[in-house]
Amino acid sequence: MVVNNPNNWHWVDKNCLAWSKEYFDENLTGLKVEEGSSKVEIANVSSVEGDVDVSQRKGKVISLFDVRIVLTFKGSNDKVGDINGSITIPELAYDSSSDGLVFDISVYNESSENSSITDLIKRKLIPELRKKLIQFGPDLIEMNSKDIQLEADKVTSTFTKANLTQSNKSETKTQPKTESSKGASIAKPSSGQQAKSQSSVPKYNTTTLHLEPTFNTSAEQIYLTLLDASRIAAWTRSPPEIESFPPKEGSTYKFFGGAVSGKFLKLVPNEQIVELWRLQDWKEGHYAELDMKMIQSSGETKVVVKFSGIPIGEEERVRDNFEDMYIRTIKITFGFGAVL
């Protein structure tokens, strides 16, 4: 219910990025298709990045959104037991058409035995995804307009009531996104997803981030490079604060002179590192969760990186810093791959 907005006259914005993540989780996770012995299913929504806002003024409701979505999938066929990978939708926007949506498919450890899963995804799964994704705009308006508008029977202005009635008849109202509208979503305190659930922890509206860098080395070498003090000192250009290798789950760390700090939550040798992760200038007590899975194939290792709990407005900063200070620097320092 809108507070202090008589007759729905004033401009009211609602940041719906956290709601959008829940929406895609509910509507896309578990979506599956089969053909013969081959099958594939959306395992989870790994990342939703961008801007999603619903606004109203003078009784009119509009939606402004532009997001990048990364899905992970699992599948199988008669030759391979488990096939995993990701599907990236680079842009789903307020003016997207079903046919205009782009899907980038990545099969982890791709080989001649599992490559057929890509064809199944293109022919059967992507058409189903198109239907679900194009419904997002209308559902966004329908589910979120109630929070920012008074009901029609409580509006006395003939003008705004007419706008409200017209708006309710439309599936969605949109307008071009401007730079100022993008800024409306920057880090406001809210009850969104948190790295910690204690009520004393400052609340951020948060989002997720997904990366898949590839290194020309083994998973064992990547694991060592991310956790061994001497190697960390080499690629961060500063002495880290970390337990001697291998560090224990529950131990803490500080890199880059304290600019990055956190705690290790899960350590699976040569396979996975899960840690709490924060930048020094974030509000005290707020951590993102960083999950890095190492997938080794012949001659290279893909690291599937997922951040969750990043404060909205910090996505580009975290992405740029991680790509430059982690991925690029590690490749340069140890010769683990080409640098673009």
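These legends describe close-up views of cavities in a predicted model.

**View 1. Cavities in the whole structure.** A search of the whole structure turns up three cavities of 30 Å³ or more. The largest has a volume of about 90 Å³. The second largest holds about 60 Å³ of space.

**View 2. Lining of the largest cavity.** The residues that line the largest cavity are P213, F215, I222, T225, L226, M292, V303, V305, F322, Y326, I327 and I330. Three elements give two or more residues each to this lining: helix 6 (219-227), strand 13 (300-311) and helix 8 (315-334). Helix 8 provides the largest share, four residues.

**View 3. Residue classes around the largest cavity.** The lining of the largest cavity has 11 nonpolar residues and one polar residue. Charged residues are absent from this lining. T225 is the polar member. Among the nonpolar residues are F215, M292 and V303.

**View 4. Lining of the second largest cavity.** L226, L227, W235, Y253, F255, F264, I273, E275, M292 and Y326 surround the second largest cavity as its lining. Helix 6, strand 9 (252-255) and strand 11 (272-279) supply at least two residues each.

**View 5. Residue classes around the second largest cavity.** Nine nonpolar residues and one charged residue make up this lining. No polar residue takes part. E275 is the charged member.

**View 6. Residues shared by the two linings.** L226, M292 and Y326 line the largest cavity, and L226, M292 and Y326 also line the second largest. Helix 6 gives two or more residues to the lining of the largest cavity and at least two to that of the second largest.

Key
Residues numbered from 1 in each chain as written. Predicted model: local features only at pLDDT ≥ 70, side-chain atom pairs only at ≥ 80, totals over all residues. Heavy atoms only, no water. 1 Å grid on protein atoms, 1.4 Å probe; cavity = no way out; pocket = protein on both sides within 12 Å on 5 of 7 lines; lining within 4 Å. Points joined across faces, edges and corners; volume = space filled by probe spheres on them.
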